[in-house]
Amino acid sequence: MSSGQQVLIKLRKMIIAGELEGGSRIAEIPTAEMLGVSRQPVRMAFRLLEQEGLLIKNPTRGYIVREISDDLIRDALQVRGVLEGLAAKTLAEKGITEEQKKNLSHCIEQTEKLFEGKTEFGDEELESYHHWNVIFHDTVIQGAGNIALTQALAKNNQLPMASAQALTYDQSRALSEYRRLHYAHLQHCSIYDALVQRQAGRAESLMREHSAVVMLGETVKHILST
């Protein structure tokens with residue numbers, strides 16, 4: 001895993017866990033010194049965390065850590081589920097193309113390999129899972145061909161933990177996290193089957209349920225349960 005990806009995961013977890021307090025200012029140099037890295041991976045992580053809604057650009061300099069509430073995360077995940085469910089329903093009704101079928105099946109095949117002979121994920125497996133998960137979701141969303149839906153999702157993705165990019169994984173609970181991601185993978189398989197069979201209602205309900213599963217790791221569950 002690249003240093004930038006490692007920094008991104010570390011900072012994301014610190015923000016979600018409250019180790020970086022909401023409303024506080026965060027800057028490149030002190031953050032790089034705290035993590036023992038150069039400024040470049042920190043700069044990249046800051047930009048991605050801004051896109052995920054976890055950081056807010058400071059008009060003067062640096063960033064502000066966004067205050068995260070359980071209501072905000074729940075609302076964002078609920079909206080994502082509705083929108084991605086609509087995307088899956090629309091794609092199933094239209095009929096999946098051979099190219100889309102190829103892309104989705106490839107994502108499933110590559111993800112399946114990550115679980116072979118393992119009971120937990122390391123950094124390399126997590127990065128690969130994240131990569132194929134994003135492609136799977138993007139294929140469904142783009143396949144719907146609904147510009148308003150795509151724009152609404154892009155807007156909602158700016159809220160904390162709402163984007164498919166915002167994957168969490170608590171290494172201290174490796175087995176339960178592994179099982180969660182494996183369950184999400186099996187959901188991908190079911191969604192793919194519903195799309196191929198043109199079962200619009202089933203595709204919609206599966207995607208709505210699935211949208212929260214990949215992101216809701218143990219750290220986020222802790223926020224929602226407090």
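**Element order**

I started with the order of elements, which runs α-β-α-α-β-β-α-α-α-α-α-α-α from the N terminus. That makes 10 helices and 3 strands in the chain. I keep in mind that this is a predicted model.

Next I checked the overall size. The radius of gyration comes out at 18 Å, and the globule rule gives 17 Å for 226 residues, so the chain is as compact as a globular protein of that length. I also took the box along the principal axes: the C-alpha atoms fill roughly 55 × 40 × 35 Å.

**Burial, contacts, surface, charge**

How much of the chain counts as buried? I get 48% of the 226 residues. For contacts with a separation of 6 or more, I find that 76% join residues 24 or more positions apart.

I looked at the surface too. The chain exposes about 11000 Å², and carbon and sulfur atoms supply 50% of that area. Then I turned to the charges: there are 26 positive and 29 negative ones, and their mean positions lie 4 Å apart.

**The largest nonpolar core**

Which residues touch the most other members of the largest nonpolar core? My list reads A88, L104, F136, V140, I191, L195 and A203, out of 24 residues in this core. I then asked which helices feed it: α4 (70-94), α5 (98-114), α6, α7, α8 (174-196) and α9 (200-213) each supply at least two residues.

I picked L195 for a closer look. Leaving aside neighbours within four places in sequence, I find L195 in contact with A88, L91, A92, I96, L104, V140 and A203. Apart from this core lies another one, of 21 residues, and I noted V7, L11, L20 and I73 among them.

**V7, from the second core**

I went on to V7, which sits in helix α1 (residues 3-17). Buried or exposed? V7 has 4% relative accessibility, which is under the 20% cut-off, so I log V7 as buried.

What does V7 touch, once residues up to four places away in sequence are dropped? I get L35, V37, P41, V42 and A45. I also took a distance to Q78: V7 and Q78 are 71 residues apart in sequence, with 28 Å between their C-alpha atoms.

**E50**

E50 belongs to helix α3 (residues 39-51). I have E50 down as partly exposed, because its relative accessible area is 32%. Setting aside neighbours within four places in sequence, I see E50 in contact with L55, K57 and Y63. I checked one distant pair as well: E50 and R173 are 123 residues apart in sequence and 27 Å apart, C-alpha to C-alpha.

**I135 and G145**

I135 lies in helix α6. Its relative accessibility is 28%, so I135 goes down as partly exposed. How far is I135 from E120 in space? I get 22 Å between the C-alpha atoms, with the two residues 15 apart along the chain.

Then I moved on to G145, in the loop between α6 (123-144) and α7 (147-156). G145 reaches 54% relative accessibility, so I write G145 down as exposed; the cut-off for that is over 50%. I also have G145 and E204 at 15 Å, C-alpha to C-alpha, although they are 59 residues apart along the chain.

**R198**

The last stop was the loop between α8 and α9, where I found R198. What is the phi of R198? It is near 60°, a positive value in a residue other than glycine. I note for context that most residues other than glycine have a negative phi. As for accessibility, R198 has a relative accessible area of 49% and counts as partly exposed. The cut-off for exposed is over 50%, so I keep R198 in the partly exposed class at 49%.

Terms used:
Residues numbered from 1 in each chain as written. Predicted model: local features only at pLDDT ≥ 70, side-chain atom pairs only at ≥ 80, totals over all residues. Heavy atoms only, no water. Helix = DSSP H or I, 4+ residues; strand = E, 2+ residues; numbered from the N terminus. Rg over C-alpha atoms; globule rule 2.2 N^0.38 Å. Buried < 20%, exposed > 50% of the residue type's maximum accessible area, 1.4 Å probe, protein only. Contact = heavy atoms within 4.5 Å. Areas by Shrake-Rupley, 256 points an atom, 1.4 Å probe, with all protein chains shown as cover. Lys, Arg positive; Asp, Glu negative; His and termini not counted. Charge placed at Lys NZ, Arg CZ, Asp CG, Glu CD. Core = buried A, V, L, I, M, F, W, Y, C linked by side-chain atoms within 4.5 Å.
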